[in-house]
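Colleague: I am new to this protein and would like to go through it step by step. Please show it first.

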Amino acid sequence: MRIWLPSSRGAVLLAQLAIILLGLALFYGNPPAQGRILLIPMTAGARAHLVPDAVAHGARLVASGRLPGSMVVEGQRDALLPLLRGGILPLRAFAAACGEPVGGLA
């Protein structure tokens, strides 16, 4: 049995690509310390308790998100991070991803 190993040039390229993708995921996915946060339910049960849990953790409802069952809220990241245990994923809310007009254009 022969194991395929990339050349050193290919390994460096793969490592650089992995670092770039990880950086983009952290930049785009990490919710702000305070402000608009997109909450995405990962299960049917999470979808059922998304709004009550968000409000219980101090969030103010802003709008529904583009993904089914998702919600844009205004709140603090540290207060909303415990929602992860309930299957609700908090992400950075961008205007284009949340159904809001981009750049003030309708």
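**Surface, fold and core**

Modeller: The protein has an accessible surface of about 7300 Å², and 66% of that belongs to carbon and sulfur atoms. Accessible areas come from the Shrake-Rupley method with a 1.4 Å probe, and for residues only the protein chains shown count as cover. This is a predicted model, in which local features need pLDDT of at least 70 and side-chain atom pairs count only at pLDDT 80 or more, while totals for chains, interfaces and linings use all residues. Residues are numbered from 1 along each chain as its sequence is written, and side-chain values use heavy atoms, with hydrogens and water left out.

Colleague: Which pattern does the protein follow along the sequence?

Modeller: Helices (H or I, at least four residues) and strands (E, at least two) are DSSP runs, numbered from the N terminus. The protein has 3 helices and 4 strands. Read along the sequence, their pattern is α-β-α-β-β-α-β.

Colleague: What share of the residues of the protein count as buried?

Modeller: Buried means under 20% relative accessible area, exposed means over 50%, and partly exposed lies in between (1.4 Å probe, protein chains only). In β1, 6 of the 8 residues are buried, which leaves that strand mostly covered. For the protein, with its 106 residues, the buried share is 24%.

Colleague: Which element gives the most residues to the largest nonpolar core?

Modeller: A nonpolar core is a set of buried Ala, Val, Leu, Ile, Met, Phe, Trp, Tyr and Cys residues joined through side-chain atoms within 4.5 Å. The largest one has 11 residues, including I37, L50, A59, V73 and I88. At least two residues of this core come from each of β1 (34-41), α2 (44-56) and β3 (71-76). The most, 3 residues, come from α2.

Colleague: Is A59 buried or exposed?

Modeller: A59 sits in the loop between α2 and β2 (60-64). Leaving aside neighbours within four places in sequence, A59 is in contact (heavy atoms within 4.5 Å) with A54, V73, E74 and L80. The C-alpha atoms of A59 and V73 are 5.9 Å apart, although the two are separated by 14 residues along the chain. Because its relative accessibility is 9%, A59 counts as buried.

**Strands**

Colleague: Over how many bridges do β1 and β3 pair?

Modeller: Two strands pair if DSSP finds at least two bridges between them. Within this pair, L38 stands opposite V72 in β3. The sense is antiparallel, and the number of bridges between β1 and β3 is 6.

Colleague: Which residue of β4 stands opposite P41?

Modeller: β1 also pairs with strand β4 (residues 88-92), in the antiparallel sense over 5 bridges. In β4, the residue opposite P41 is I88.

Colleague: In the hairpin of β2 and β3, which residue takes a positive phi?

Modeller: β2 and β3 pair in the antiparallel sense over 4 bridges. S64 has M71 in β3 as its bridge partner. Between the strands of the hairpin there are 6 residues, and the one with a positive phi, near 85°, is G69.

**Charges and a surface patch**

Colleague: Which residues are joined into one network by salt bridges that share partners?

Modeller: A salt bridge is a side-chain nitrogen of Lys or Arg within 4 Å of a carboxyl oxygen of Asp or Glu, and the count by this rule is 3. R36 forms one with E74, with the closest N and O atoms 3.6 Å apart; R36 lies in strand β1 and E74 in strand β3, so this pair ties together parts 38 residues apart in sequence. R60 meets E74 in another (3.7 Å, N to O), and R77 meets D78 at 3.9 Å, N to O. The network formed through shared partners consists of R36, R60 and E74.

Colleague: About what area does the nonpolar surface patch with F27 have?

Modeller: Patches are made of residues with over 30% relative accessible area and no salt bridge; like charges are joined within 9 Å and nonpolar side chains (Val, Leu, Ile, Met, Phe, Trp, Tyr) within 5 Å. F27 is found in helix α1 (residues 8-29). Its patch also includes L14, L24, Y28 and F94, and the area is about 790 Å².
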